[in-house]
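Me: I've got a structure open and I'd like to talk through its charged pairs and its core. Can you take my questions one by one?

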Amino acid sequence: TTLGVKNTTTNKIDLSNTGTLDSLPFYACRAWVNFDASKDTSGSTSSSNTNRLILGSGNVTSVYRNAAGDYSINFTTAMPDANYCISVSCADGNTNNNVVVSAINGTNAQTASQARVYAMSEDSGATDPVLVHVAIFR
């Protein structure tokens, strides 16, 4: 399988490459989302368990707040299985707090159709950061 670049036939990346450093395999981001966990879809600050405000995304239909600092990210097209990698970063809008994120909880493991991420403030426990960036690789 190849991925076309700029709709030309000469510039392609071979997705099946293995071997030397010059021909390493190419693993694309399968889903990504940038959301404000402190706001609902209308843009209003909210601590209700509702869908969150998505600022930008790819292959993500919604982000649901399950509780403070606990979010379910729903994929438009499911992953082949639950064996993907989640990369997460957060900003809480307050320079006095550090946000620690965890992508997996043993009781709420990721599935092919949904990833779950968590955010905790160093000072106050579970928190709804103003910016959460998530990328899914498989």
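**Salt bridges and core**

Reply: Sure. R116 is buried, with a relative accessible area of 16%. Keep in mind that this is a predicted model.

Me: Which residue does R116 meet in a salt bridge?

Reply: Start with where the two ends sit: R116 is in strand β9 (residues 114-121) and its partner is in strand β6 (residues 70-75), 46 residues apart. The partner counts as buried too, at 10% relative accessibility. The N to O distance is 2.7 Å, and the residue is D70.

Me: How many salt bridges are there by this rule?

Reply: Side chains of opposite charge can pair when their charged atoms come close. The rule asks for a side-chain nitrogen of Lys or Arg within 4 Å of a carboxyl oxygen of Asp or Glu. By that rule, the count is four.

Me: Where is D128, the partner of R65?

Reply: The side chains of R65 and D128 meet at 2.9 Å, N to O. This pair links distant parts of the chain, 63 residues apart, with R65 in strand β5 (residues 60-67). Both residues are buried. D128 itself is in the loop between β10 (125-126) and β11 (131-137).

Me: Is K39 buried or partly exposed?

Reply: K39 forms a salt bridge with D36, the closest N and O atoms being 4.0 Å apart. D36 is buried, with a relative accessible area of 8%. Buried means under 20% and exposed means over 50%. K39 has a relative accessible area of 26%, so it counts as partly exposed.

Me: On to the nonpolar side. Which element gives the most to the largest nonpolar core?

Reply: In soluble globular proteins, nonpolar side chains tend to be buried together. Here the largest nonpolar core has 19 residues, and F35, I73, F75, I86, V134 and I136 are those with the most contacts inside it. The elements that give two or more residues are β3 (29-40), β5, β6, β7 (85-91), β9 and β11. With four residues, the one giving the most is β3.

Me: Which residue stands opposite F75 in β6?

Reply: β5 and β6 run antiparallel, joined by six bridges. F75 touches a list of residues that includes A31, Y84, I136 and V60. The one standing opposite F75 is V60.

Me: What is the phi of G69, in the turn of the hairpin?

Reply: β5 and β6 form this hairpin, with two residues between them. G69 has a positive phi, and the value is about 75 degrees.

Conventions: Residues numbered from 1 in each chain as written. Predicted model: local features only at pLDDT ≥ 70, side-chain atom pairs only at ≥ 80, totals over all residues. Heavy atoms only, no water. Buried < 20%, exposed > 50% of the residue type's maximum accessible area, 1.4 Å probe, protein only. Core = buried A, V, L, I, M, F, W, Y, C linked by side-chain atoms within 4.5 Å. Contact = heavy atoms within 4.5 Å. Pairing = 2+ DSSP bridges. Lists of a residue's contacts leave out its neighbours within four places in sequence.
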